[in-house]
Structure formats: C-alpha cells, structure tokens
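Visitor: I have a model open in front of me and would like to learn how to read its side-chain pairs and helix contacts. Could you walk me through it?

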Amino acid sequence: IGAASALFVLTAAPLLRLTHPLLLPEPWATLTPWLPHGASLEMATGEAYFGGSDLRPMLVLAVWGALAVVTMIDARRERESQQT
C-alpha cells in the first residue's frame, strides 16, 4: 500500500504543480497523459482554454474507472471465497 501511495503521489506532480506534461522530463512527458492525473489536467485545460477537449482524456479516465471497478469486484470475490 505504501509503494502504491508513493507512486500515486509522484505521478500527481504535474497536476499539483500545474505543469503541462510536455514540459516535464522523460519519461514523465510520455507517461503522464495516460494516468488519471494527467488526463484530468489535459481535460480541464482543454475545456478552459479551447472550449472543449478531445475524446482521449475522457477515455483514459473511463478506462481507469472501469479498472478500479473490476479490481474491487475481484477483491470482494476473493475475500468472500476465503471466508467460506
């Protein structure tokens, strides 16, 4: 849990600092748009500056949300199978 939390905080750096992902050093410039923080930053800046954003950030967030739901369902199934 500690390693996952640290990774989550480190990947949130562009959103917390309001830095555009393209101004970050590699590999962050490539990795950040595919993480929830980068996708939400891209979607918010696209909406604020250009009156709308493209579909990619919304799809990235939808995939991360679906992955979270699948993980929770799997964890619940695993926990129920261990209790019986």
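Guide: Happily; we will go through salt bridges, then a helix contact, then aromatic rings. Please keep in mind that this is a predicted model.

Visitor: Let's begin with charges. How many salt bridges does the structure hold?

Guide: A salt bridge needs a side-chain nitrogen of Lys or Arg within 4 Å of a carboxyl oxygen of Asp or Glu. By that test the structure holds two. In one of them, Arg 56 pairs with Glu 42, and their closest N and O atoms are 2.3 Å apart.

Visitor: Which parts does that pair tie together?

Guide: Look at where each residue sits. Arg 56 belongs to helix H5 (residues 55-83) and Glu 42 to helix H4 (residues 36-50), so the salt bridge ties together parts that are 14 residues apart in sequence. As for accessibility, Arg 56 is partly exposed at 23%, and Glu 42 is partly exposed as well, at 26%.

Visitor: And which side chains meet in a salt bridge at 3.3 Å, N to O?

Guide: Those of Arg 76 and Glu 80. Here the two residues sit four apart within helix H5, which puts about one helical turn between them. Residues over 50% relative accessible area count as exposed. Arg 76, at 52%, is therefore exposed, while Glu 80, at 41%, is partly exposed.

Visitor: Now the helices. At what angle do the axes of H4 and H5 cross?

Guide: For a helix pair, read the approach of the axes, the angle and the handedness. The axes of H4 and H5 come within 8 Å and cross at roughly 145°. The crossing of H4 past H5 is left-handed.

Visitor: Which residues make the contact?

Guide: H4 contributes Pro 36, Ala 39, Ser 40, Glu 42 and Met 43, and H5 contributes Arg 56, Pro 57, Met 58, Val 60, Leu 61 and Trp 64. Sorted by character, the contact has eight nonpolar residues, one polar and two charged. You have already met Glu 42 and Arg 56 as salt-bridge partners.

Visitor: Last topic: how many aromatic pairs does a search of the whole structure find?

Guide: An aromatic ring pair is described by two values, the distance of the centres and the angle of the planes. The search finds one pair. The rings of Tyr 49 and Phe 50 have centres 6.5 Å apart and planes at 75°, so they are edge-to-face.

Visitor: Are Tyr 49 and Phe 50 buried or exposed?

Guide: Both are exposed.

Technical notes:
Residues numbered from 1 in each chain as written. Predicted model: local features only at pLDDT ≥ 70, side-chain atom pairs only at ≥ 80, totals over all residues. Heavy atoms only, no water. Buried < 20%, exposed > 50% of the residue type's maximum accessible area, 1.4 Å probe, protein only. Axes fitted to C-alpha atoms, helices over the stretch in contact; angles between N-to-C directions. Left-handed = near helix turned anticlockwise from the far one by under 90°. Contact = heavy atoms within 4.5 Å. Nonpolar A, V, L, I, M, F, W, Y, C, P; charged D, E, K, R; others polar. Phe/Tyr/Trp six-rings, centres within 6.5 Å; stacked < 30°, edge-to-face > 60°.
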